[in-house]
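Trainee: I have just been handed this structure and would like to work through it slowly with you. Could we put it on the screen and take the questions one at a time?

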Amino acid sequence: MNTPRTSTPRTAPTSGGPAGAVYADRGTSHFDILLAAMVTVVVLSGIGAAKGVSFGTVPGTGFEILTDGGFFLFPLAYVLGDIVTELYGPRAARRAILTSFAVSILASICYQVIIALPPFPDDYGLAKQEALELALGPVWIVVLAGLAGFLAGQTLNSLVVSRMKRRTGERGLVARLFTSSGLGELVDTIIFCSIAATAIGITTLEQWAEYTILGFVYKVAVQYAMIPVTSAVIRWLKRTDPTYQARLADAATA
């Protein structure tokens, strides 16, 4: 069980709000759990995104519903990023982003080492080798695309949340989540789809546009739909984190 540190509270200027931007101490257990979840989501999304997925065309439009195998999972990374930024601040969010970045690179390197290792020479061993090459071979491109998009999008997402919180203090949580989600996902989706398209099997500009538009709309829709849950989790974590409550009280009396 972690004991909250008793160092001098670090609070941001109170510009624009009565309490200013208050953050909890990363030494509490919540940050470790959120970081582990965020890293897991990013790594698994990189594997899943190597598979192109087609749900057919929208009747009467010719618009093909194109996405990838990680589409259902990746928006959770942004939900977790919002929670980390709101509760622990932009510095902790950068640490979570960079940690996810580093672990994804390590995972991609491991996949290439696994592929390079000599397989059993029988038919089953060779079939497994071929399957691994097809499944994990292009993952490094998807990981590169995902990391470039995630790094840019999540950094913008975190920046918007922290800047808005600095102005409004504890007020305006839902507005922060709505604004940051749209901007972060727009940048992320454009970068990711541009780099990962060929690895997934997208070869035409029309397919890229359909893939990008659907990806952006879906991710933002999921994040917006999750906002009631995200805000409820954030409020619960704030209430149960002793360092956050202590700093909130200090800022209110400053």
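Trainee: In which helix is the place of Val 103?
Mentor: This is a predicted model, and the helix assignment is read from that model. In it, Val 103 touches Val 39 and Val 43, once residues up to four places away in sequence are set aside. The residue itself has its place in helix H3.

Trainee: Is Val 103 buried, partly exposed or exposed?
Mentor: The limits to keep in mind are under 20% relative accessible area for buried and over 50% for exposed. Val 103 has a relative accessible area of 31%, which lies between those limits, so the residue counts as partly exposed.

Trainee: How far apart in space are Val 103 and Val 43, C-alpha to C-alpha?
Mentor: Along the sequence, Val 103 and Val 43 are 60 residues apart. Even so, Val 43 is among the residues that Val 103 touches. From C-alpha to C-alpha, the separation of the two in space is 7.4 Å.

Trainee: Ser 108 is also found in helix H3; which residues is Ser 108 in contact with, leaving aside its neighbours within four places in sequence?
Mentor: Ser 108 has a relative accessible area of 8%, and because buried means under 20%, this serine counts as buried. With its neighbours within four places in sequence left aside, the contacts of Ser 108 are Trp 140 and Val 143.

Trainee: Which residues have the most contacts inside the largest nonpolar core?
Mentor: In soluble globular proteins, nonpolar side chains tend to be buried together. Here the largest nonpolar core has 52 residues. Helices H1, H2, H3, H5, H6, H7 and H8 each supply at least two residues of this core. Those with the most contacts inside it are Leu 34, Tyr 88, Phe 150, Phe 192 and Tyr 211.

Trainee: What relative accessibility does Thr 189 have?
Mentor: Thr 189 lies in helix H6, and, apart from neighbours within four places in sequence, this threonine is in contact with Thr 212, Gly 215, Phe 216 and Lys 219. Thr 189 counts as buried because its relative accessibility falls under the 20% limit, at 1%.

Trainee: How many disulfides does the count come to?
Mentor: A disulfide is a covalent bond between the sulfur atoms of two cysteines. Among the cysteines, Cys 193 is buried at a relative accessible area of 2%, whereas Cys 110 counts as partly exposed at 38%. With a cut-off of 2.5 Å between cysteine sulfur atoms, the number of disulfides comes to 0.

Trainee: What is the bridge partner of Gly 52 in S2?
Mentor: Strand S1 (residues 52-57) and strand S2 (residues 64-68) run antiparallel and are joined by 4 bridges. Their hairpin has 6 residues between the strands, and Gly 60 there takes a positive phi near 80°. For Gly 52, the bridge partner in S2 is Asp 68.

Trainee: Where in the chain is confidence highest?
Mentor: For the chain, the mean pLDDT is 81, with 89% of its residues reaching 70 or more. Residues 3-18 have a pLDDT below 50, and this stretch has 29 contacts in the model beyond near neighbours in sequence. Confidence is lowest in H8, at a mean of 76, and highest, at 89, in helix H4.

Note on methods: Residues numbered from 1 in each chain as written. Heavy atoms only, no water. Core = buried A, V, L, I, M, F, W, Y, C linked by side-chain atoms within 4.5 Å. Buried < 20%, exposed > 50% of the residue type's maximum accessible area, 1.4 Å probe, protein only. pLDDT = per-residue confidence, 0-100. Contact = heavy atoms within 4.5 Å. Pairing = 2+ DSSP bridges.
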